[in-house]
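Thanks for making time this morning; I would like to talk through the packing and the aromatic residues of one protein. Please have a look at the sequence and the structure first, and then I will go on.

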Amino acid sequence: MANTYHQIYLQTVFAVKYRNAVIHKSWQSELFAVIGNLINETGCKTIIVNGVEDHVHCFLGLKPVISVSELMKTVKAKSSKHINDHSLTPERFEWQEGYGVFSYGHSQIDKVYKYVQNQEEHHKKQTFEQEYLNFLNKFNVPYDERYIFDNLT
């Protein structure tokens with residue numbers, strides 16, 4: 001639509017089902033490229049996709065005609081299909097239900113980019129659970145600790 005302008009920066013975070021560490025280094029970059037392309041195909045703009053063995057971070061520019069839930073449904077479904085179609089894991093691959101999404105201003109782009117870029121180094125010092133709880137607390141997202149990591153046993 002003419003005269004419609006937007007700039008919406010989001011970081012999404014989602015994990016492998018049961019937090020299984022199955023995203024192997026040998027195909028990690030392929031997966032991140034697939035996820036980046038899936039984001040771009042929706043009309044959104046991938047800034048960076050990165051992660052470690054058990055979860056992924058996507059930093060992106062959201063196009064306002066697509067909902068976050070629609071975007072994540074597409075990204076997670078099609079990326080898990082890619083993994084399964086190419087037999088990248090010995091067993092059927094699935095993402096955990098749900099995701100985290102956090103918004104940022106233009107002045108935070110470099111900082112968030114570097115954070116996502118340095119996931120491997122970052123997770124030498126902090127578990128995914130600690131990282132995720134820190135995000136929820138930093139962004140004042142209400143949650144019930146009894147259920148936040150439910151279905152992991």
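Tyrosine 115 is partly exposed, at a relative accessible area of 26%, and I should say at once that we are looking at a predicted model. Its partner, phenylalanine 135, is buried, with a relative accessible area of 8%, which falls under the 20% cut-off for that word. How are the rings of tyrosine 115 and phenylalanine 135 arranged? Their centres are 5.8 Å apart and their planes stand at 85°, so the pair is classed as edge-to-face, because an angle over 60 degrees carries that name. The pair links distant parts of the chain, since tyrosine 115 sits in helix α3, residues 109–117, while phenylalanine 135 belongs to helix α5, 20 residues apart.

This is one of ten aromatic pairs found in a search of the whole structure. Another is formed by phenylalanine 102 and phenylalanine 139, a tilted pair with 5.0 Å from centre to centre and 40° between the planes. Here, too, distant parts of the chain are linked, with phenylalanine 102 in strand β4, residues 100–104, and phenylalanine 139 in the loop between α5 and α6, 37 residues apart. Phenylalanine 102 is buried, at 2% relative accessible area, whereas phenylalanine 139 is partly exposed, at 26%. These four residues belong to one aromatic cluster, which also takes in Tyr9, Phe59 and Tyr104.

Let me turn to the nonpolar packing. Which residues touch the most other members of the largest nonpolar core? Of its 25 residues, they are Ile35, Ile39, Val56 and Trp95. At least two residues of this core come from each of β1, α1, β3 and α2, and α1 gives the most, namely seven. Apart from this core lies another, of 17 residues, including Ile48, Tyr104, Ile109 and Leu133. As for tryptophan 95, if we leave aside neighbours within four places in sequence, its contacts include Phe14, Ile23, Leu31, Ile35 and Val56, and also Lys17 and Lys76.

Finally, two backbone details deserve a mention. Serine 87, in the loop between α2 and β4, has a positive phi of about 50° although it is not a glycine, and at 59% relative accessibility it counts as exposed. Asparagine 140, in the loop between α5 and α6, likewise has a positive phi, near 55°, and this asparagine is exposed, with a relative accessible area of 68%.

Terms used: Residues are numbered from 1 along each chain as its sequence is written. This is a predicted model: local features need pLDDT of at least 70, side-chain atom pairs count only at pLDDT 80 or more; totals for chains, interfaces and linings use all residues. Side-chain values use heavy atoms; hydrogens and water are left out. A nonpolar core is a set of buried Ala, Val, Leu, Ile, Met, Phe, Trp, Tyr and Cys residues joined through side-chain atoms within 4.5 Å. Buried means under 20% relative accessible area, exposed over 50%, partly exposed in between (1.4 Å probe, protein chains only). Helices (H or I, at least four residues) and strands (E, at least two) are DSSP runs, numbered from the N terminus. Contact means heavy atoms within 4.5 Å. Rings of Phe, Tyr and Trp (its six-membered ring) pair if their centres lie within 6.5 Å; planes under 30 degrees apart count as stacked, over 60 as edge-to-face and the rest as tilted.
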